[in-house]
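User: Could you take a close look at the aromatic rings in this one? I'd like the pair geometry and the burial, then whatever else helps me place them.

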Amino acid sequence: RKGAAQRIISTTDAARGALRKVTDEEGFRSFVIPDDIGGRFSVLTPVGLFPIAVAGIRIETLVEGAASMVEPCGRPGLLQNPAALYAATRNLLLEKGYSTEILVSYDPKLQYFAEWWKQLFGESEGKEGKGIFPASVQFTSDLHSMGQWIQEGRRAIFETVIHIDQEDSTLQVPVDASGLEDGLGYLEGRTWPEIQDKAYEGTKMAHHQGEVPVLVLEVPTRNAFTLGQMIQFFETACGVSGYLLGVNPFNQPGVEAYKQNMFALLGKPGFEEKAAELQTSSRGLSGGKLV
């Protein structure tokens with residue numbers, strides 16, 4: 001433990017919790033998680049910014065990008081407000097029976113951005129028997145697995161595509177001087193972003209022809225500034241969309257149900273009454289076994 005306090009930084013509650021207790025006892029430096037901001041909305045607070053900074057991303061630029069979206073996403077006119085327009089469009093699609101939204105990205109570096117997006121909308125809207133189910137795919141890899149379902153499956157889905165206009169890769173398919181006829185000569189000299197963009201265009205057209213509504217979020221390039229813009233855009237749109245649905249987008253009462261059961265089943269102190277309740281209610285449950 002010697003020297004640990006000089007190497008450990010925690011992000012935790014201001015006054016409560018096991019980590020706060022350890023932080024105070026050991027003298028760790030810490031950043032506070034705001035009490036009035038739910039976890040999924042906390043990317044631009046210390047709980048999100050600290051690990052982003054550790055990952056080598058300039059958080060000053062990230063915040064500048066987010067700040068640049070505050071004014072556009074606060075405009076009163078629907079057509080002048082991108083967040084409100086997106087929220088209204090997805091709710092109109094829901095009214096027409098499109099109950100699942102698939103977030104699409106062609107950039108592998110946005111994989112975990114999509115994971116956050118799913119939590120943001122799922123936890124904010126999925127309550128009171130309402131909400132659009134949020135899913136995500138990574139193209140082109142998922143075109144070989146989910147592509148068939150998206151193209152010809154049940155027509156209850158729509159796509160929101162994050163399209164990066166200018167990719168930073170300069171990777172290029174080399175010219176094969178061996179004279180080998182492998183059927184791939186048409187790719188020679190093309191850059192990876194060019195090939196990727198043709199995959200995007202072809203897929204968008206195919207899915208549109210397959211009667212899948214396709215929304216496109218055009219992003220100039222992928223960097224800290226535009227990442228901040230997307231975070232602010234989606235957080236604002238999520239709030240507006242939740243209110244259009246008629247739910248409170250900033251609470252998560254359903255999340256507590258499994259936690260209460262888990263704590264009781266693990267014997268956490270203070271959950272004895274809940275444990276007894278579960279023991280009684282579980283008698284009506286039946287299960288099966290695969291042999």
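Analyst: Here is a walk through the rings, followed by a helix contact and the chain as a whole. A quick note on the ground rules: this is a predicted model, where local features need pLDDT of at least 70 and side-chain atom pairs count only at pLDDT 80 or more, while totals for chains, interfaces and linings use all residues. Residues are numbered from 1 along each chain as its sequence is written, and side-chain values use heavy atoms, with hydrogens and water left out.

Searching the whole structure turns up 14 aromatic pairs (rings of Phe, Tyr and Trp, the last by its six-membered ring, with centres within 6.5 Å; planes under 30 degrees apart are stacked, over 60 edge-to-face, the rest tilted). One of them joins W117 and F121, a tilted pair at 5.4 Å centre to centre with 45° between the planes. Both residues sit in helix α5 (residues 111–125), four residues apart, or about one turn of the helix. Helices here are DSSP runs of H or I with at least four residues, strands are E runs of at least two, and both are numbered from the N terminus. W117 and F121 are both buried, which is to say under 20% relative accessible area with a 1.4 Å probe, protein chains only (exposed is over 50%, partly exposed in between).

Then there's F233 with F234: the ring centres are 5.0 Å apart and the planes meet at 65°, so this pair is edge-to-face. F233 counts as buried because its relative accessibility is 7%, and F234 does so at 0%. Ring pairs tie these four residues together with Y86, F113 and W116 in a cluster.

A ring with a charge over it is F263: K268 lies over its face, 4.1 Å from the ring centre (the rule is NZ of Lys or CZ of Arg within 6 Å of the centre and within 35 degrees of the ring normal).

As for helix packing, α9 (residues 255–265) and α10 (residues 272–281) have axes that come within 8 Å and cross at roughly 95°, so the two are roughly perpendicular (65 to 115 degrees; under 35 is roughly parallel, over 145 roughly antiparallel, the rest oblique). Q260, N261, A264 and L265 in α9 meet K274, A275 and L278 in α10, with contact meaning heavy atoms within 4.5 Å.

Zooming out, the protein chain has ten helices and six strands, and 33% of its 291 residues count as buried. Its C-alpha atoms fill a box of roughly 75 × 55 × 55 Å along the principal axes.

Technical notes: Axes are lines fitted to C-alpha atoms, for helices over the stretch in contact, and angles run from 0 to 180 degrees between N-to-C directions.
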